[in-house]
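Visitor: I am new to this structure and would like a close look at one part of it, taken slowly. Please show me the whole first.

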Amino acid sequence: MASLQNNELNNHLQSDDDDADVIHIIDIRNGTFPEHISGRIESNDTIEFKINSDDEYDIFQVYKDNTDYYRIDNGIELFNINNNTSEKKRRIVLSFSFHCTTMELYFCIIPSLQHETYFKSRQCPKENCEKNYLVIYRNEMKFSFNDNKESQKIILHKNDTIELEWISKRGNSYRIEENKYCPISGGLYKIEQPSDIITNHAVSQGKFQKTFNEYGTSFLFRLTETNQIHDIMVCIIKDKYQIKHIEITDINIQPNIISIEQNDSIIFEWNTKEKQTLIQIDPYLIDKNTQQSIELKTIGEHFFWPYEPSCRGYIIHKFNQTGIFCFKTANNQIGTIIVEPKKNIYSFPIFGDQLILKMNTNDFVQFEWKMTDSQEEPVLITVDANTSIVPDVAGGLTGIFDCSMHKCVKVEPFFRSYFHTCETFLLHIPQHGLYSFAYCDNRDDVVLSIIVENSINNHHITYSEQNMFEPNTIIVNRYDQVWFDSISANIYRTDEYGNQLDVDKAIFQPQLNSMNYFMQQFKQIGIYYFSTDIKNDNYREKFSPSSSPLAIIVLPEIHFHYKFIRLGDFDFQAIITNINDFVIWQFEQIIRFGVIQLRSNETLQDLASCHDRAVSGRNRQCLAVECIMPGIFYFANPEFERVTGSEQDRLISTIIIDPPFSEACFLITHQQFVPNVLHIAQNESISWVLLNNDQYHRIYVESNENEKPNLNENNRIDRSIEQYVADIHYLYTFNQCGQYTIRSDRFNNTATVIVYSDDVIRNDKKRVQQPQIMEEIDTLSQFKTRVHLKYPNQDGIIYYTLDGTLPTRHHDNVHIYNTNEDICFDQSGFHILRAYATENEKISSSVITSSPTFVMENDELEIVNESLSAWSSTKINLSASIQYPNKLYGKIQVEPTSSADLVDHFELYVDDIAQSVNLSPTDVIFSAEGFAGGEQYEIYILAYPKSNIINAIPI
């Protein structure tokens with residue numbers, strides 16, 4: 001790392017203004033471009049057409065084929081422009097990425113009144129086109145330096161290349177080093193350069209070249225031979241080119257694989273000796289009969305050359321969906337286009353009114369400030385670790401930002417002064433969570449909260465030389481994408497033994513001349529198996545690892561659950577979540593205290609004093625918790641009452657974390673499966689949970705209708721599902737309707753699963769209705785409070801729990817509802833009623849969940865009632881007088897005197913303005929200054945009850 005001592009950079013950076021687009025004015029008053037167009041037009045400039053007459057023109061893009069000109073489908077178009085047309089509608093914003101030095105753009109200009117005539121034919125008149133062309137140059141970022149210090153900021157597009165050259169006339173030697181800033185350590189780390197054009201040691205004349213392929217912020221240090229910083233160039237990569245170029249030649253496609261973002265476009269162009277064409281093909285399958293690519297030619301859905309093959313072609317296609325897209329040419333060359341989700345860049349002014357920003361893991365945040373905004377100290381963006389909440393599995397903040405690999409070195413205070421002059425910092429946060437960012441060292445200042453929700457994650461599978469998937473088991477979330485890289489074998493959906501679900505029906509077949517990428521996206525939770533058709537010679541005699549199926553376990557997508565805490569608004573309903581979800585409390589006001597986790601068996605006294613356990617932190621507007629393990633969790637916070645203005649003493653926020661795959665579940669005892677029968681919908685999954693530690697217990701699922709598959713134990717992999725999903729011993733996704741028998745290798749008793757199609761469920765009303773809770777359950781309940789459930793069918797069975805756990809797992813805490821006994825809260829502490837209904841030959845209902853309630857013992861309730869009664873009978877008397885010269889003297893009397901023990905504190909108000917707050921109950925004689933004799937004042941006192949007096953209001 002370079003030393004920063006004894007160096008001073010410019011106080012103000014030279015900066016390319018990122019809002020100042022280069023605009024070229026082209027006068028088309030005569031219906032054509034001028035003969036000479038001044039200035040160099042680059043691939044990210046803007047073209048504005050100028051018309052100084054009453055004429056109205058249409059301008060649209062064409063391509064040149066020898067001496068002929070043809071309209072380009074989906075090309076650039078401007079219609080009905082005249083001298084009154086707004087500037088925006090007369091402009092073309094260029095955004096091209098191409099590999100050659102220049103690109104020519106031809107346009108046809110016609111009178112708007114003749115639009116219908118000209119658009120009858122694809123070919124355009126030569127006289128309307130041949131002079132109307134622009135030469136577009138690839139955007140160049142070349143900088144030449146001497147011995148002067150020239151720190152500056154430049155704005156770049158993704159895939160731009162920057163080239164730095166320097167010549168010293170004084171014999172000084174320099175080298176360029178790229179560094180990035182780490183907001184965890186507040187330091188810098190060096191980026192190793194893969195570029196071929198780079199000088200690694202200091203020289204008097206040298207060159208540095210770097211292509212920036214990702215968004216972000218980089219600092220290019222020009223270092224002296226003694227490793228001192230001479231000047232710095234900060235590169236902000238915040239834009240991208242929306243149109244990329246693919247050239248088709250007689251021998252190849254350049255490039256034959258390309259990545260773009262959703263809603264970007266591709267130019268397909270060729271100028272060949274042999275006639276060419278272009279057609280989209282299925283990226284995964286080939287025709288079973290011809291063994292050729294399957295062509296896709298639906299107008300409006302697919303991209304293809306809609307004309308006869310030709311030696312010259314030019315089409316543009318916009319890709320609105322993510323995924324893998326393949327195309328082939330006339331000579332069977334195959335190209336691949338990978339369309340990734342769109343990346344958004346969100347602006348976050350650090351001195352604005354906004355304190356919370358929401359984005360996802362695919363996006364970037366751009367912190368912005370002005371040097372004049374911060375008067376006390378230079379701005380430096382850092383993550384506050386104490387108030388940030390990130391997933392445990394990510395290895396904390398240092399794991400998320402790869403700090404162990406960076407070897408960051410702090411460079412304060414020099415770099416901080418320089419960072420302050422940048423006025424912008426672009427950052428990618430790759431992991432979901434709540435991140436608190438500080439911009440100064442003053443701990444009383446408010447931190448900025450960034451809520452990063454989970455986007456679509458990419459997972460990669462390789463196929464080894466040993467014909468095995470690596471890894472052979474992965475866990476993903478719903479809607480994630482699993483990529484199979486360069487697969488050379490057919491892929492089939494199978495069961496866990498490798499038996500094909502659809503015989504001889506591959507879901508992927510490699511194609512000649514293709515990169516053979518395969519991607520699967522899962523819209524249903526469950527477990528899915530995949531195998532290839534490559535087998536060793538000894539496959540039938542002995543299990544071969546080459547046939548090991550790949551298992552993909554799909555969990556629910558990670559949700560963020562929001563609770564908004566506002567004045568007069570607090571939601572008592574439990575937040576029902578899944579493992580790995582996040583709960584965010586978003587406050588209307590700035591808060592300081594964190595949440596307090598309560599025990600389910602808290603006593604009333606514990607509950608009353610829980611705020612004493614609150615820990616203060618940085619000022620902020622968000623709190624968060626990650627849902628790590630199944631269970632029911634209760635949280636309190638003094639900020640709940642303060643922000644809502646609630647007169648209720650303890651506001652409790654409840655989180656229920658349900659285990660995955662628990663809506664349909666078998667428990668495995670020593671002798672049987674519980675329950676004996678389950679009814680589910682097609683494509684749903686069932687889990688099996690062990691009640692003992694027999695981890696080698698084998699479960700078999702057999703269809704009663706289809707031919708029994710090969711259940712050769714030698715072909716089955718010992719795959720511990722519990723290693724990936726806690727408490728789940730076995731998992732099965734039922735893709736086909738019908739009846740299945742569940743067997744065990746430990747006992748003879750079997751169980752039955754019946755799978756219905758959506759049509760049967762809808763037409764035959766195979767789904768059970770929810771039961772209903774008849775009474776409203778209060779946040780506080782008396783001991784032995786009774787509630788009733790209602791269900792329309794007397795033959796149905798209702799299962800319920802009182803501890804908030806799912807009743808679908810039939811443990812000892814699951815009860816069967818008896819209409820003659822009802823439900824009784826006969827234990828103190830927190831309770832949540834959850835219930836669902838079952839009927840014969842029907843799918844069980846969904847689970848209902850009550851509001852949480854705190855059940856008080858009788859003696860606790862008596863104490864509360866006595867205290868509340870005593871408080872209600874308490875009277876507060878106030879006497880006050882103004883004495884010379886301007887002092888107010890007063891006395892507080894509590895009647896009866898024994899009620900003084902019930903007072904937490906007093907607040908004194910004069911003319912509705914608080915003069916003293918948090919007066920101790922012992923401060924019954926008080927004084928205040930600043931009053932004039934002879935004036936009239938309205939004076940009153942408020943007495944606040946102690947926290948253990950539930951539902952008491954101030955007197």
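How much space lies in the second largest cavity, and which residues line that cavity?

Guide: Please keep in mind that this is a predicted model, and that what follows is computed from it. A search of the whole structure finds three cavities of 30 Å³ or more, and the second largest of these holds about 50 Å³ of space. Its lining is made up of Phe-145, Glu-150, Gln-152, Leu-164, Ile-176, Leu-220, Arg-222, Asp-231, Ile-232 and Met-233. Two strands, β19 (216–224) and β20 (229–239), are the elements that give two or more residues to this lining, and β20 gives the most, with three residues. Sorted by kind, the lining residues divide into six that are nonpolar, one that is polar and three that are charged.

From the cavity we can move to the packing of side chains. In soluble globular proteins, nonpolar side chains tend to be buried together. Here the largest nonpolar core has 65 residues, and those that touch the most other members are Ile-162, Phe-219, Phe-367, Ile-381, Phe-437 and Ile-450. The strand β20, which gives the most residues to the cavity lining, also supplies the largest share of this core, seven residues. If we look at Ile-162 and set aside residues up to four places away in sequence, its contacts include Leu-220 and Met-233, and both of these also line the cavity. Among the other residues that Ile-162 touches are Met-141, Phe-143, Ile-154, Phe-208, Phe-212 and Cys-235, together with Gln-209 and Lys-210.

A second, separate core has 46 residues, including Ile-26, Ile-28, Leu-94 and Phe-98. Leu-94 leads us on to Glu-42, a residue of strand β3 (residues 41–42), for Glu-42 touches Leu-94 as well as Ile-136, Tyr-137, Arg-138, Asn-139 and Glu-140, again leaving out residues up to four places away in sequence. Glu-42 counts as buried because its relative accessible area is 15%, and buried means under 20%.

The cysteines complete the picture. The structure holds zero disulfides, and for Cys-100 the reason is distance, because its sulfur is 20 Å from the closest cysteine sulfur, in Cys-311, which is too far for a bond. Cys-100 is partly exposed, with a relative accessible area of 38%, whereas Cys-665, at 2% relative accessibility, counts as buried.

Note on methods: Residues numbered from 1 in each chain as written. Predicted model: local features only at pLDDT ≥ 70, side-chain atom pairs only at ≥ 80, totals over all residues. Heavy atoms only, no water. 1 Å grid on protein atoms, 1.4 Å probe; cavity = no way out; pocket = protein on both sides within 12 Å on 5 of 7 lines; lining within 4 Å. Points joined across faces, edges and corners; volume = space filled by probe spheres on them. Helix = DSSP H or I, 4+ residues; strand = E, 2+ residues; numbered from the N terminus. Nonpolar A, V, L, I, M, F, W, Y, C, P; charged D, E, K, R; others polar. Disulfide = S-S within 2.5 Å. Buried < 20%, exposed > 50% of the residue type's maximum accessible area, 1.4 Å probe, protein only. Core = buried A, V, L, I, M, F, W, Y, C linked by side-chain atoms within 4.5 Å. Contact = heavy atoms within 4.5 Å.
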